[in-house]
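Hi,

Here is the structure I promised to send over. Have a look at it first, and then read on for what turned up when I went through it.

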Amino acid sequence: MESKISAITGSIITATGLNGANIGNMVQMGPEGAYGEIISVSGDNTLIRAYEETIGLRINDIITDLGRPLSIELGPGLLSNIFSGIGRRLDMLKGNFLSKGEIILTLDRTKKWDFKAIKKKGDHVSSGDILGGVQETELINTKIMVPPGVDGEILSISSGEFTVNQNIAKIKNGSGTATEINMIQTWPVKKRRPINSRLEVYAPLLSGQRVFDAFFPIQKGGTATLPGGFGVGKTVSEQQFSKFSNTDISIYVGCGERGNEMADVLNSFPSIMDPHSGKSIMNKTVLIANTSNMPIVAREASIFMGVTIAEFYRDMGYSVLLTADSTSRWAEALRQLGSDLGEMPVEEGFPASLFNSLASFYSRAGIVRTLGSDDRTGSITIISAVSPPSGDFSEPVTQTTLRLVDAYWELDKQLSNARHYPPVNWTDSYSLAVENLRPFYEQKIGKQFYVYSKKILDLLRDSDKINEIASIVGRDALPDKQAAILRMADVIKLYLLQQNAFDEEDSYTDIKITYKMMEIVSKLIDKVNALLDTGIRYGDLKANSIWENMSNLRHKSALDVLEKQVSDLNTDKK
Ligand code: ADP
Ligand code: MG
């Protein structure tokens with residue numbers, strides 16, 4: 001019996017004739033093969049949730065059960081491309097989405113890749129072993145791995161030009177069955193890819209964004225969230241991480257946000273150079289776009305697509321950053337799905353499964369020993385944006401997320417109103433990785449790193465308290481030491497914490513330069529305190545030029561001079 005559409009209600013499709021279908025399986029519907037997922041089966045009635053527009057669908061349109069859950073094709077051709085939330089390849093140049101009529105697969109079937117085998121006939125291989133690789137982009141050699149679940153003796157393998165779906169090797173298992181291997185691994189997005197073991201290794205994910213790198217760092221393999229109300233600066237920060245982080249691969253998921261933001265990404269990313277290699281960042285980037293104009297149900301899929309692609313590159317031994325903007329939009333999709341399925345909402349309409357859903361995403365971050373016999377280490381770092389309605393951080397998605405992540409980077413409305421970008425609140429933000437990263441920072445970046453960062457954060461927190469007093473008595477009435485603290489806090493905020501994403505020099509700061517900036521600020525604090533202790537008045541500090549000169553903190557080439565000016569402060573007794 002043919003399976004057909006019997007009713008269409010918004011994004012929920014009722015089908016007949018799909019008896020025996022599995023819940024969770026993917027289907028394709030109608031002449032354009034719109035994707036959907038089976039959500040319930042009762043008797044002859046099967047309910048399907050459409051991932052794509054249902055406008056073109058009609059009663060009696062044919063439905064095909066694909067026999068597998070929502071999956072993505074993994075293989076060469078992901079990098080420097082953009083995909084929809086369910087993995088359709090989108091037109092990079094047009095930036096317009098979902099061309100109808102044609103079923104566009106994730107991986108291009110026409111492009112030939114130059115496969116270089118590193119294993120040979122007769123070799124014994126097991127899951128995760130690298131058979132060879134293709135130079136997918138200028139920066140990334142994509143490994144062709146023995147798929148999970150396959151092992152045995154290589155019967156044949158050949159280097160040369162192949163499309164992704166041509167066979168490059170044949171492997172015979174212990175019982176004599178041969179498996180043909182091509183360059184595609186189709187993988188269900190909600191199933192984590194197998195690993196060897198999880199590791200505890202602490203190296204920072206550095207983004208060149210000073211406030212994060214210096215004060216609230218996370219490790220490669222860690223997780224962080226950027227909660228903030230509308231317009232505070234979440235997207236800009238997410239994009240800065242995506243562009244500049246020191247990972248091999250960067251995956252940016254635009255989930256439920258405005259389409260023009262994704263268009264901006266498409267326009268701006270190709271001309272941004274990776275500070276670590278000097279090549280266009282697109283060489284290491286995969287974009288996933290599930291913008292607000294696309295069906296809400298595909299949002300859930302887009303996040304899992306992203307993390308599955310991340311696992312694929314991790315499995316090759318790469319470090320991967322996944323940025324997701326925003327997971328609140330994703331959670332809205334969960335809420336919608338929950339109500340479609342008749343689940344009981346618990347808090348503000350969210351289903352009880354919210355925690356598990358979010359956990360099943362964040363727990364795919366980590367640093368691991370991959371499958372394969374050659375001892376590879378790979379990592380996935382996840383940075384999510386959360387956009388609580390009306391900026392209220394007590395709402396369920398923010399609160400649930402914060403139980404799951406290592407770092408909480410609170411974006412503050414007041415700071416962003418004052419155009420203090422990125423508006424990271426230095427009192428409420430935290431990173432649980434700080435102590436674990438200490439050896440790396442102190443040994444690889446600067447011995448005094450943590451001394452400086454503590455001194456600076458302490459001063460900022462003192463200045464907040466003093467500001468409260470100053471708002472009552474006025475700044476002029478403050479004792480000298482307190483007045484100086486406020487002045488130094490201004491310097492820190494203006495030139496160290498604030499960072500203009502749109503200024504070419506300021507947009508990215510190497511961690512060694514950030515260290516130098518912190519060193520100068522720290523010396524300023526010590527110097528000013530020491531001078532005040534000798535009885536010099538705050539107003540008599542040769543403050544005239546030093547305070548203005550501090551703006552040179554933003555200029556790499558001026559740092560040496562500035563450092564000298566700080567140590568010479570008030571040493572001439574004129
Ligand atoms: P959100 O995603 O939280 O709604 P955006 O990231 O789109 O907010 O930021 C809103 C605006 O704030 C941006 O268009 C930009 O003008 C400004 N902005 C945010 N972060 C920065 C930054 N680091 N440097 C300069 N401007 C910024
Ligand atoms: Mg945004």
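Ring pairs join Tyr441, Phe449, Tyr450, Tyr452 and Tyr515 into a cluster. Keep in mind that this is a predicted model. The structure has 16 aromatic pairs in total.

One of those pairs is Trp330 with Phe361, and their arrangement is edge-to-face. The ring centres are 5.5 Å apart, with 75 degrees between the planes. Trp330 belongs to helix α5 (residues 327–340) and Phe361 to helix α6 (residues 354–362), so this pair ties together parts that are 31 residues apart in sequence. Are the two residues buried or exposed? Both Trp330 and Phe361 are buried.

The two helices that carry this pair are worth a look as well. Two packed helices are described by the angle between their axes and the distance between the axes. For α5 and α6, the axes come within 11 Å and cross at roughly 135 degrees. The two helices are therefore oblique to each other, and their crossing is right-handed. Which residues meet there? From α5 they are Thr327, Trp330, Ala331 and Leu334, and from α6 they are Leu354, Ser357, Leu358, Phe361 and Tyr362. So you'll find Trp330 and Phe361 again among the residues where α5 meets α6.

Rings also turn up with charges over them. The charged end of Lys111 sits over the ring of Trp113, at 4.7 Å from the ring's centre. Arg193 does likewise with Trp187: its charged end sits over that ring, 4.9 Å from the centre.

Next, helix α2, which spans residues 234–244 and is mostly covered. How many of its 11 residues are buried? The count is 10. Charged side chains are on that list too, including Lys234, Glu238 and Lys243, alongside others such as Phe241 and Phe244.

Last one: Phe440, which is found in helix α9 (residues 434–445). Its relative accessibility is 23%, and because buried means under 20%, Phe440 counts as partly exposed. If you skip the neighbours within four places in sequence, Phe440 is in contact with Tyr202, Ala203, Pro204 and Ile445. Ile272 is another matter: Phe440 and Ile272 are 168 residues apart along the chain, and their C-alpha atoms are separated by 28 Å.

That's it from my side.

Cheers

Terms used. Residues are numbered from 1 along each chain as its sequence is written. Chains are lettered from A and ligands numbered from 1 in the order in which they are written. This is a predicted model: local features need pLDDT of at least 70, side-chain atom pairs count only at pLDDT 80 or more; totals for chains, interfaces and linings use all residues. Side-chain values use heavy atoms; hydrogens and water are left out. Rings of Phe, Tyr and Trp (its six-membered ring) pair if their centres lie within 6.5 Å; planes under 30 degrees apart count as stacked, over 60 as edge-to-face and the rest as tilted. Helices (H or I, at least four residues) and strands (E, at least two) are DSSP runs, numbered from the N terminus. Buried means under 20% relative accessible area, exposed over 50%, partly exposed in between (1.4 Å probe, protein chains only). A charge sits over a ring if NZ of Lys or CZ of Arg is within 6 Å of the ring centre and within 35 degrees of the ring normal. Axes are lines fitted to C-alpha atoms, for helices over the stretch in contact, and angles run from 0 to 180 degrees between N-to-C directions. Angles under 35 degrees count as roughly parallel, over 145 as roughly antiparallel, 65 to 115 as roughly perpendicular and the rest as oblique. A crossing is left-handed if the near helix is turned anticlockwise from the far one by less than a right angle, and right-handed if clockwise. Contact means heavy atoms within 4.5 Å.
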